[in-house]
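Subject: Structure for you to look at

Hi,

Here is the structure I promised to pass on. Have a look at it first, and then read on for what turned up.

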Amino acid sequence: MNQEQHKVLIANRGEIAMRVMRACQRLGLDFVCVCTPEDTASGHVALARELAGDSAVYTITSYLDANELFSVADASGATAVHPGYGFFAEDFRFARRVVRRDRPMAFIGPSWWVIRDLGDKINTKRIARSLNVPTVPGSDRPVYSELEADEIASSLFDFQASQGILNGVIMVKASAGGGGMGIEEVGDLDEFRSVFRRIRNYAKRNFGDEGVLIEQRIFDFNHLEVQVVSERSGKQHVHFGTRNCSVQSTGKQKRIEVAPGFAPGVVPYTFDAGKVLEEITQHSLAMARESGYDNVGTWEWIITPRGEPFLMEVNTRIQVENGVSAIISKVDGQPIDIITEQIRLALGEPMGYSQEDIELDGVGIEYRIVAENTGNWFTPCAGRITRFEWEVQDWLDVYTQVPVGVPYEIPMEFDPNLALAIIWGKNLDEAKNRGRQFLDSLMLDGDVGGSADDFYTNIEYLKGKTERLLEF
């Protein structure tokens, strides 16, 4: 099937669904979207109707019901599925079902076996270590033996002491666990021994596998990412630079992203920041080649205050922050949209360019505008948006599902993310100044039960964090 004959089911909501619609429009592709009853006022529903008519919108009961999604695909004649981010985006079983069902479709993301192999943190660490890619020190497979666990823990405490960390901490995790279950931090060897036994028993009881992972706990790090884009053949790979995602909520949810990930020569570092950016980029591309990566993906890194990089994981999907990489990137002198590239390449189009054709220019900042009380552990805020306006600028992109000009009830069934604002500047200072200008001019009002006093956003928090972007 030629690319132009495809119809894309957008199996997501909000701003990412809207950006996928725009990308489909750029590529001349038909699309259909879904919404739940709680989401009928979302901007993605209005945009779908504007671009493709009422028949492009299907109501479902849940974005997490695969059977409903496939029913919509069949009813609409969709031939490809874009999962967005979250929901089914990194579910290899869903991706496998898309391509193997009686009426197979294209999955817009990496192949299901790539998602499976790199979604397994132990397997990812093995691939990394086979290529001499640095990973967080610790076990690269489940540990069952107390003697072996003792040796690993001792080496990690010794490593931290050599780093000048006076009170070292290591992480003990159930290898079969997930969602934060079966994880504890320990600060000395005696405590470790009892925790290891407890986690091992917990893992056997709850997961049927008593394997335990042991890793160093790294403090005061910067969180960087490398944006990789690969051809469906799995043989051609490029990068669109790095991002710094160190400004996060207490729940480790990103709030500001900056591209590139460091500012050598502008911000003082105790290490060669340019060399670190080059290292993590080349390591990421090496892993993409080794794994046969075949779509858009992000390699996530932590960088210590001494400039030591450690690979954390690979995210086998489009990221929320793809736009901040796109805003500083050009291919053959033309602006690039990474979601458009994701769709085009997933449907079998050749890449048509190499790394030499990609230019990275300027600095991008992405703000996540969220209804939350940052002074109370970033607690989500329910309520109604009564006003949402900003000054249009040629250096600013705002992506939001919040309708402008009409009240909007925030659906609490989902994260209370309201918008993404992406700013470009020719350098870090200009980008920060423009970021402050945007935040100062942003008009975002709301109420909870008729009272504006109980409505919170993170705008003041974002202003405060802008001052020290890219610093340790």
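Let me start with a pocket. The second largest one has a volume of about 600 Å³. Its lining takes in 27 residues, and those closest to the centre are R26, I336, D337, D397 and Y399. If you want to find your way around it by secondary structure, the elements that give two or more residues to the lining are α1 (14–27), α10 (322–326), β14 (329–331), β21 (396–400) and β23 (417–425). By class, the lining of this pocket has 14 nonpolar, nine charged and four polar residues. Bear in mind throughout that this is a predicted model.

Then there is enclosed space. How many cavities of 30 Å³ or more does a search of the whole structure find? The answer is one. The volume of the largest cavity is about 60 Å³. To see it, show R13, Q401, Y408, I410, P411, F414, D415, P416, N417 and L418, which line it. Six of these lining residues are nonpolar, two are polar and two are charged.

Now the helix pairs; I looked at three.

α7 with α8: helix α7 (residues 146–162) packs against helix α8 (residues 189–207) at an angle of about 135°, and the axes are 10 Å apart. An angle of that kind is neither under 35 degrees, nor over 145, nor in the range 65 to 115, so α7 and α8 count as oblique to each other. Their crossing is right-handed. On the α7 side the contact is made by E146, A149, D150, A153, S154 and F157, and on the α8 side by L189, F192, R193, F196, R197 and R200. Sorted by class, the contact of α7 with α8 has six nonpolar residues, five charged ones and one polar one.

α3 with α4: here the axes of helix α3 (residues 66–76) and helix α4 (residues 92–100) come within 12 Å and cross at roughly 30°. The two helices, α3 and α4, are therefore roughly parallel to each other. The crossing of α3 and α4 is right-handed. A66, N67, L69 and F70 of α3 make the contact with F94, R97 and V98 of α4. The residues in the contact of α3 with α4 are five nonpolar, one polar and one charged.

α12 with α13: the axes of helix α12 (residues 428–441) and helix α13 (residues 459–466) come within 10 Å, with a crossing angle of roughly 165°. That makes α12 and α13 roughly antiparallel to each other. Their crossing is left-handed. From α12, K432, R436, L439 and D440 take part in the contact, and from α13, I459, L462, K463 and T466. Four residues of the contact between α12 and α13 are charged, three are nonpolar and one is polar.

Finally, two spots in the backbone. Most residues other than glycine have a negative phi, and most peptide bonds are trans. Where does a cis peptide bond turn up? It joins A259 and P260, with omega about 0°. You will find P260 in the loop between β11 (254–259) and α9 (273–291). The other spot is N132, which is not a glycine but has a positive phi of about 60°. N132 sits in the loop between α6 (121–130) and α7.

Cheers

Conventions:
Residues numbered from 1 in each chain as written. Predicted model: local features only at pLDDT ≥ 70, side-chain atom pairs only at ≥ 80, totals over all residues. Heavy atoms only, no water. Axes fitted to C-alpha atoms, helices over the stretch in contact; angles between N-to-C directions. Helix = DSSP H or I, 4+ residues; strand = E, 2+ residues; numbered from the N terminus. Left-handed = near helix turned anticlockwise from the far one by under 90°. Contact = heavy atoms within 4.5 Å. Nonpolar A, V, L, I, M, F, W, Y, C, P; charged D, E, K, R; others polar. 1 Å grid on protein atoms, 1.4 Å probe; cavity = no way out; pocket = protein on both sides within 12 Å on 5 of 7 lines; lining within 4 Å. Points joined across faces, edges and corners; volume = space filled by probe spheres on them.
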